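Visitor: I have just opened this structure and would like someone to walk me through the words people use for it. Could you show it to me first?

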There are 2 protein chains.
Amino acid sequence: MRALMISVAFVALSAAASADPLPSWTDGASKDAIISFVETVTDPASGDYVPPDARVAVFDNDGTLWAEQPVYFQFFFALDQLRARAAADPSILKSDVLRAAAKGDLETVMAGGTAALVEVVMASHADITVADFETEVQKWIATAKNPKTGQPLTQMTYQPMLELLGYLRDEDFSTWIVTGGGINFVRAIAGDAYGIPPYQVVGSMVDTEYRVIDGVGQIMQLPDIAFIDDKGGKPVGIARQIGLRPVLAFGNSDGDFEMLEYTTSGKGPSLGLILHHTDAEREFAYDRESHIGKLDRGLDESASKGWIIVDMARDWDVVWSGN
Amino acid sequence: MRALMISVAFVALSAAASADPLPSWTDGASKDAIISFVETVTDPASGDYVPPDARVAVFDNDGTLWAEQPVYFQFFFALDQLRARAAADPSILKSDVLRAAAKGDLETVMAGGTAALVEVVMASHADITVADFETEVQKWIATAKNPKTGQPLTQMTYQPMLELLGYLRDEDFSTWIVTGGGINFVRAIAGDAYGIPPYQVVGSMVDTEYRVIDGVGQIMQLPDIAFIDDKGGKPVGIARQIGLRPVLAFGNSDGDFEMLEYTTSGKGPSLGLILHHTDAEREFAYDRESHIGKLDRGLDESASKGWIIVDMARDWDVVWSGN
């Protein structure tokens, strides 16, 4: 898996170094807008020049850098963890939601909405050190497959987005993930999947506590939520961890609205982009009515805000990093 | 001020490029330990080699990178802000502590301990955007002087520590501040004072909230504490924001104990350092009994932990960046 990911990164790198930095993007308005923005803000002769230190680009993860259907991939991890924990100690299944989750009865869990998802995540992510948790995620992702499509999850990152990340880094942008998902879950995959180091992942957090265990200082994950990095939480998370207003933001749902608004309402040049899932044939098609990745307000207000709607079916020649 | 700081940075840079990377450190065991550690972990032929991405070095700020007597410098800023706010609206002085603070009656405030300090900081830091707050700090620091010594605060950073930061960066370490002080206060000064960007400052935080003001997305500081980055909070803050266990930690008080312990109890090579304020003539002398920067447990346990006690009077040829 590591070898595969390195080869994916190599393809992205080679692409960025060639004449066309975004070969998996079809020629058209979206690709032109991205390249034009990057060329302008990196041109010292431009009135819109942005120095390298301020070239902060932020990306949502689920539905923006990799797929998010039929449900966020972290939830599949949580289910597998919950099952393994319940096999060792059935008494942890304290509610109907948790008992349904452990049986794989997704319909009952989904009917419980966000509260039920959070309950499953808490029961499966708590009372473990961050170091052990990240090891578990890495072991799991190496073989995990999407239950709907059968694709390995590591191959469900988007090739055009890997190219964009590489292109921006070649142009001295820093590329950050700002995810509603759990910060330690995404950190565990972000190096191999996207070439992004742990400190450039901003995300939702459970409470943690410092403990010395067998003489070694460890960070324990506790069963309470400390921070939800979604909607208005995204600019807050950016301000806490980055401390600079981004100049480029890329999302796909209304959970990213405030992040795009924060990015594009500052002084100076900026670019906001929304990935519209329009491709039922190669990926999934969903927007205003979806239970995951709902995009409604973003579609209504993108024109007035000057944000680019990236139409997956139209704008991407290739979808998946793994084919 | 900016020109001065740039010239200071230039001196540090030149020093690091010369034969002696730490010219303001006296020859001896402390300097030898630092250079030996850096040379070992950056040597690809060494069994203790650490790749650049993992060369994370963390520094306390108050009492480690700049002075902290007679009280944390952020507190002087808070007093000045409180006075300015009270002049505009005296009704904000709702308690004896706040009324004493606004009159400059430090004794009364100090007698209230940490709770009183926090009360003053909250009353002076809330209901302002992060952007405006950082502008206020930068305006203030440009002229602020230490009430006890009369030195400009910008000249009270430690020259040997500026040299160490530059040396580590030259050797591909990332240098992070992990401060009990307010994250946005320290971010506002860290670029000019230390060459450290906002995202490499971890610190205490007030609650913040995203708001759109006159069409611009802003982060508002609220009057509640969200996170105290001190003692066990330091490893937690490091795990949240950096996501890697550091290999070098430098502090000066028992508030840094857990940060050093977390750093030096992992697998692989690491270095823990404590600055001991032993120099009443050039700086200040304090440790076990001090109300600010108390160092007691650190002195007792440094030998068993293998931490280096840096003795300011003995180990530093020069103290201040400004002379």
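Visitor: Which residue of chain A comes closest to the rotation axis?

Guide: That is Gln241(A), whose C-alpha lies 3.1 Å from the axis. Please keep in mind that this is a predicted model.

Visitor: What makes the two copies related as by a two-fold rotation axis?

Guide: Chain A can be laid on chain B by a turn of 180° with a shift of 0.0 Å along the axis, and the RMSD is 0.0 Å. The two copies are therefore related as by a two-fold rotation axis. The same surface also serves both copies, since 100% of the contact residues of chain A recur in chain B.

Visitor: How many residues of each chain are in contact?

Guide: There are 30 residues of chain A in contact with 30 residues of chain B. On the side of chain A, the elements giving two or more residues are strand E4 (201-213), strand E5 (216-227), helix H10 (233-241) and helix H11 (257-264). Of these, E4(A) gives the most, with six residues. Sorted by class, this side of chain A has 16 nonpolar, eight polar and six charged residues.

Visitor: You mentioned a helix there. How many residues of H11(A) are buried?

Guide: Eight of its eight residues are buried, and H11(A) is mostly covered. They are Phe257(A), Glu258(A), Met259(A), Leu260(A), Glu261(A), Tyr262(A), Thr263(A) and Thr264(A).

Visitor: How do you know that helix H9 of chain B is mostly covered?

Guide: Helix H9(B), residues 183-194, has twelve residues, and eleven of them are buried. Among the buried ones are Ile183(B), Phe185(B), Arg187(B), Asp192(B) and Tyr194(B). Just after H9(B) comes Gly195(B), with a positive phi near 70°.

Visitor: Why is H7(A) called oblique to H9(A)?

Guide: Let us start with how such pairs are described. Two packed helices are characterised by the angle between their axes and the distance between the axes. Here the axes of H7(A), residues 130-141, and H9(A), residues 183-194, come within 9 Å and cross at roughly 55°. An angle under 35 degrees would count as roughly parallel, and 65 to 115 as roughly perpendicular. The value of roughly 55° fits neither of those ranges, so H7(A) is oblique to H9(A). Their crossing is right-handed.

Visitor: Which residues make the contact of H7(A) and H9(A)?

Guide: H7(A) brings Val130(A), Phe133(A), Glu134(A), Val137(A), Gln138(A) and Ile141(A). From H9(A) come Asn184(A), Phe185(A), Arg187(A), Ala188(A) and Ile189(A). By class, the contact has seven nonpolar, two polar and two charged residues.

Visitor: Why is Trp176(A) called buried rather than exposed?

Guide: A residue counts as buried if 20 or more other C-beta atoms lie within 10 Å of its own. Trp176(A) has 23 such atoms within 10 Å, so Trp176(A) is buried. You will find Trp176(A) in strand E3, residues 174-182 of chain A. Leaving out residues up to four places away in sequence, Trp176(A) touches Val56(A), Ala57(A), Val58(A), Phe59(A), Gln200(A), Val202(A) and Ile242(A). By contrast, the C-alpha atoms of Trp176(A) and Asp80(A), 96 residues apart along the chain, are separated by 28 Å.

Visitor: Is Asp127(A) buried or exposed, and how do you know?

Guide: The cut-off for exposed is 12 or fewer other C-beta atoms within 10 Å. Asp127(A) has 12, so Asp127(A) is exposed. In chain B, Asp127(B) has 11 such neighbours and therefore counts as exposed. Asp127(A) sits in the loop between helix H6 (113-125) and strand E2 (128-129) of chain A.

Visitor: What makes the phi of Asp127(A) worth pointing out?

Guide: Most residues other than glycine have a negative phi. Asp127(A) is not a glycine, yet has a positive phi of about 60°. Asp127(B) has a positive phi of about 60° too.

Visitor: Where is the cis peptide bond that ends at Pro70(A)?

Guide: The bond runs from Gln69(A) to Pro70(A), with omega near 5°. Most peptide bonds are trans. Pro70(A) lies in the loop between strand E1 (56-59) and helix H3 (73-88) of chain A. In chain B, a cis peptide bond joins Gln69(B) and Pro70(B), with omega about 5°.

Key. Residues are numbered from 1 along each chain as its sequence is written. Chains are lettered from A and ligands numbered from 1 in the order in which they are written. This is a predicted model: local features need pLDDT of at least 70, side-chain atom pairs count only at pLDDT 80 or more; totals for chains, interfaces and linings use all residues. Helices (H or I, at least four residues) and strands (E, at least two) are DSSP runs, numbered from the N terminus. Two residues are in contact if their C-beta atoms, placed from the backbone, lie within 7 Å. Ala, Val, Leu, Ile, Met, Phe, Trp, Tyr, Cys and Pro count as nonpolar, Asp, Glu, Lys and Arg as charged, and the others, Gly among them, as polar. Axes are lines fitted to C-alpha atoms, for helices over the stretch in contact, and angles run from 0 to 180 degrees between N-to-C directions. Angles under 35 degrees count as roughly parallel, over 145 as roughly antiparallel, 65 to 115 as roughly perpendicular and the rest as oblique. A crossing is left-handed if the near helix is turned anticlockwise from the far one by less than a right angle, and right-handed if clockwise. Copies are superposed by least squares on the C-alpha atoms of residues with pLDDT of at least 70 in both.
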